[in-house]
Amino acid sequence: MAALDESASAKRWLPLEANPDVMNQFLWGLGLKEDVAECYDVYGLDEELLEMVPKPVLAVLFLYPITGQSEEERMLQANEKQEPHGRVYFMKQTVGNACGTIGLLHAIGNITSEIKLVDESFLDRFFKSTASMNPLERAAYLESDREMEVAHAVAATGGDTEASRNVDTHFICFACVDGVLYELDGRKTGPISHGASSPDSLLQDAAKVIKGIIQKNPDSLNFNVIAISKKA
């Protein structure tokens, strides 16, 4: 599963499935070392289920349904004054159904100081090349990158469900940067701050925000939470 989006581009990829195994192979193939970090399912948002997730958690991915209410909130946020976000790595989404890949790039882009990427790998080159770019420039760089497009296509066809371009769900990322929990959504104008957080409380803090989103969509079951955790 992945996302329907308002795209500035006619390009549309197949959606990435919300599947830790698919995401792990995708990231490891792009330059994340297997012994450094791994994606895990989060089976529920109650405290005892959150405690089952391997620690420390570096980032959280959340898949949710696109609804009329979620779109209205997105437009309201787009009209709000955006404050500077310092070291937050953020990029826009201009390729249809690329939200899973954008979410993973947001996750890795904000934890490069915590992990070691393979030298000269795709991810290593991507983040070095886009470090000084603005969010739209990063989106254009990704859109024109054939290597990533091919890698995404391989990952998108490697899941348990048949890939389809017609989807109505969307991936976002939560990351802690400089003591603040940020929601990173390439369809929005910039990072959304959700207040104070820490590496130790990132999963619990993200879960609170996610619970609020789920409560606004009581009739939907199209939710999925995946944590990226650092390996010992």
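## Burial of H170 and C99

H170 is buried in this predicted model, with a relative accessible area of 0%. The residue lies in strand β3, which covers residues 169-177.

C99 also counts as buried, because its relative accessibility is 1% and the cut-off for burial is under 20%. C99 belongs to helix α4, made up of residues 99-109.

## The annotated active site

H170 and C99 are the positions that an unreviewed UniProt entry gives for the feature "active site". They span 72 residues in sequence, yet their C-alpha atoms are no more than 6.4 Å apart, so they gather at one spot. One of these positions is in a strand, β3, and the other is in a helix, α4.

## Packing of helices α1 and α7

Two packed helices are described by the angle between their axes and by the distance between those axes. For helix α1 (residues 20-30) and helix α7 (residues 146-156), the angle is about 155 degrees and the axes are 10 Å apart. Angles over 145 degrees count as roughly antiparallel, and α1 and α7 are therefore roughly antiparallel to each other. Their crossing is right-handed.

On the α1 side, the contact is made by V22, F26 and L30. On the α7 side, M148, A151, H152 and A155 take part. What kinds of residue make up the contact of α1 with α7? The residues divide into 6 nonpolar and 1 polar, with no charged residue in the contact.

Technical notes: Residues are numbered from 1 along each chain as its sequence is written. This is a predicted model: local features need pLDDT of at least 70, side-chain atom pairs count only at pLDDT 80 or more; totals for chains, interfaces and linings use all residues. Side-chain values use heavy atoms; hydrogens and water are left out. UniProt positions are given in the numbering used here, feature names are shortened, and annotations may be inferred rather than shown by experiment. Helices (H or I, at least four residues) and strands (E, at least two) are DSSP runs, numbered from the N terminus. Buried means under 20% relative accessible area, exposed over 50%, partly exposed in between (1.4 Å probe, protein chains only). Axes are lines fitted to C-alpha atoms, for helices over the stretch in contact, and angles run from 0 to 180 degrees between N-to-C directions. Angles under 35 degrees count as roughly parallel, over 145 as roughly antiparallel, 65 to 115 as roughly perpendicular and the rest as oblique. A crossing is left-handed if the near helix is turned anticlockwise from the far one by less than a right angle, and right-handed if clockwise. Contact means heavy atoms within 4.5 Å. Ala, Val, Leu, Ile, Met, Phe, Trp, Tyr, Cys and Pro count as nonpolar, Asp, Glu, Lys and Arg as charged, and the others, Gly among them, as polar.
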